[in-house]
Amino acid sequence: MQLSFRWYGPNDPVSLSDIRQSNAEYVVTSLHQIPTGEKWTQSKIKERVNLIKRQNSKLNINLKWNVVESIPVHNNIKLREKNFKKLINNYKDTISNIAKNKIYTVCYNFMPIVDWTRTQLDFKLSTDGLALRFNYLHIIIFEKYILKLKNLERRYTSKQIISAEKLFKKMKLKELNDLKYAVMGGLPAAEKKYSIKEFKEMLLAYKDFKDEDLRNNLKYFLKEIIPVAEENKIKMALHPDDPPLPLFGVPRIVSSLEDYKSILNSYNSHSNGVTFCAGSLASNIKNDVYEIFKNLRKKINFIHLRNVKIESDRRSFFETNHLSGNIDFVKLIKLITEEEKNRYKNKQFHIPMRPDHGHCLLDDQKKKNINPGYTAIGRMMGLAEIRGIIKSIK
Ligand code: DNO
């Protein structure tokens with residue numbers, strides 16, 4: 001595996017030197033300063049490549065930018081409305097400019113409105129570490145008491161709504177504000193920080209949208225993008241829905257093995273591939289991550305490794321450290337190394353992998369402006385555990 005670390009660019013409180021100290025050799029980054037939908041010019045990309053290069057020297061590990069995560073897909077493309085054609089052309093130009101800078105893997109997702117979703121960013125663990133958590137009742141509280149949506153009984157049972165009401169009554173104002181912040185753009189890589197009004201407008205835009213509509217729009221997007229990716233030797237890597245559960249009554253179409261099969265079969269190409277995000281996929285109790293890996297293995301262009309513990313309602317979960325959640329990492333990493341052996345003849349047999357998220361631990365708990373899930377120490381611990389497994393099963 002290419003041991004990689006996500007870096008949010010020059011404003012990331014985690015520096016390139018910190019990344020090097022974690023034993024990673026590759027950097028996964030994105031031009032987060034460019035608004036979603038705008039074209040990335042060759043020179044803007046070059047600037048970032050050079051920024052990374054400038055800190056390399058004969059004396060240190062030379063970090064290399066191996067994966068762009070993400071180029072977010074604009075909601076107008078997902079909805080196939082307004083200026084979507086122009087936006088797709090910008091996307092094509094962006095991927096060819098990325099290839100001109102010798103980066104050949106691009107991660108993206110097709111989740112409507114928001115990227116990944118958590119409802120609590122400081123869930124206290126028994127170790128005193130802080131973790132990210134997704135509580136299903138919080139989502140109902142968010143819809144009912146923050147967005148003040150009606151007709152929740154269309155998608156929630158009365159038992160769920162009553163439990164949410166009970167929990168809501170116990171929540172302090174700060175907890176409610178934190179919930180609002182977490183869902184509406186408090187997470188790094190969120191495409192945008194929404195106001196309540198904007199969030200509701202987006203929900204309205206997706207109101208009559210069915211899974212089938214979103215799936216067709218993704219297939220249309222791929223039909224447009226993949227030939228350009230092929231021409232430029234770019235491997236696209238579609239990230240699963242995080243979490244792979246229905247949210248806010250809008251469609252979710254990258255949540256299961258069946259979803260992936262349908263998307264990959266719609267355009268058969270080396271460039272049409274997957275980000276295997278173990279933690280996202282495992283957050284739906286119905287998903288068998290090992291089966292998904294075995295079925296998709298040839299299409300996996302990028303790997304995220306993290307673990308989750310599903311809670312007793314079977315929908316909520318929190319992020320555990322890499323070795324203690326629902327996923328057996330030894331079993332999974334064995335599958336990954338076997339796949340790399342299969343690819344051995346191919347020069348690029350090492351699949352880029354990053355430890356995805358880590359707990360907020362030790363000194364990171366005292367820091368301001370951390371990116372939730374993306375602290376240095378927690379991810380370094382994750383990478384250390386993963387390296388231990390890789391080393392022992394080789
Ligand atoms: C969360 C990340 C996501 C991911 C995008 C990929 O931690 O895994 O933000 O980068 O969904 O497009």
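This report walks through a predicted model, from its ligand site to its sheet, its cysteines and a few unusual backbone spots.

**Around the ligand**

Let's start with the ligand. It is surrounded by 16 residues, and the closest are Glu69, Ser70, Asp115, His357 and Tyr374. Some side chains put a polar atom close to a ligand oxygen, and here are three of them:

| Residue | Distance from a polar side-chain atom to a ligand oxygen atom |
|---|---|
| Arg6 | 3.2 Å |
| Glu69 | 2.4 Å |
| Trp116 | 3.3 Å |

How much of the ligand does the protein bury? Taken alone, the ligand exposes 330 Å², and the protein buries 100% of that.

**A sheet of four strands**

Next, look for an open sheet whose four strands run in the order β5-β6-β11-β10, with antiparallel pairing. The edges belong to β5 (120-124) and β10 (307-310); each has a single partner strand, so one side of each has no neighbour in the sheet. Going from one strand to the next, the twist averages 40°.

Inside that order, β6 (residues 130-134) pairs with β11 (residues 317-320) in the antiparallel sense, over two bridges. If you want a spot to zoom in on, find Arg133, which stands opposite Phe318 in β11.

**Arg118 and its partners**

Now for Arg118, which sits in the loop between β4 (105-108) and β5. Is Arg118 buried or exposed? Its relative accessibility is 0%, so Arg118 counts as buried. The Arg118 side chain makes polar contacts there: one goes to the side chain of Asp242 at 3.0 Å, and another goes to the side chain of Glu319 at 2.9 Å.

**Cysteines without a bond**

A disulfide is a covalent bond between the sulfur atoms of two cysteines. How many disulfides does the model have? The count is zero. Take Cys107: the nearest cysteine sulfur belongs to Cys277 and is 8.6 Å away, so with a cut-off of 2.5 Å for a disulfide, Cys107 is in none. Cys107 is also buried, at 1% relative accessible area.

What about Cys360? Its closest cysteine sulfur, in Cys277, is 20 Å away, and that is too far for a bond. Cys360 has a relative accessible area of 11%, so this residue is buried.

**Unusual backbone spots**

Most peptide bonds are trans, and most residues other than glycine have a negative phi. With that in mind, here are some places worth a look.

The peptide bond from Glu69 to Ser70 is cis, with omega near -15°. You have met both residues already, as they are among the closest to the ligand. Ser70 lies in the loop between β3 (64-69) and α3 (75-79).

Another cis peptide bond joins Asp242 and Pro243, where omega is about -5°. Asp242 is familiar too, from its side-chain contact with Arg118. Pro243 belongs to the loop between β7 (235-238) and α10 (257-266).

As for positive phi, Lys82 has a value near 50° and isn't a glycine. You'll find Lys82 in the loop between α3 and α4 (84-100), and it is exposed, with a relative accessible area of 70%. Leu362 isn't a glycine either, yet its phi is about 45°. Leu362 is in the loop between β12 (352-355) and α14 (376-393). Is Leu362 buried or exposed? With a relative accessible area of 61%, Leu362 is exposed.

Key:
Residues are numbered from 1 along each chain as its sequence is written. This is a predicted model: local features need pLDDT of at least 70, side-chain atom pairs count only at pLDDT 80 or more; totals for chains, interfaces and linings use all residues. Side-chain values use heavy atoms; hydrogens and water are left out. Buried means under 20% relative accessible area, exposed over 50%, partly exposed in between (1.4 Å probe, protein chains only). Two strands pair if DSSP finds at least two bridges between them. Axes are lines fitted to C-alpha atoms, for helices over the stretch in contact, and angles run from 0 to 180 degrees between N-to-C directions. A residue is near a molecule or strand if one of its heavy atoms lies within 4 Å of it. A polar contact is a pair of N or O atoms within 3.5 Å; within protein, one must be able to donate a hydrogen and the other to accept it, and residues adjacent in sequence count only if both atoms are side-chain atoms. Accessible areas come from the Shrake-Rupley method with a 1.4 Å probe; for residues, only the protein chains shown count as cover.
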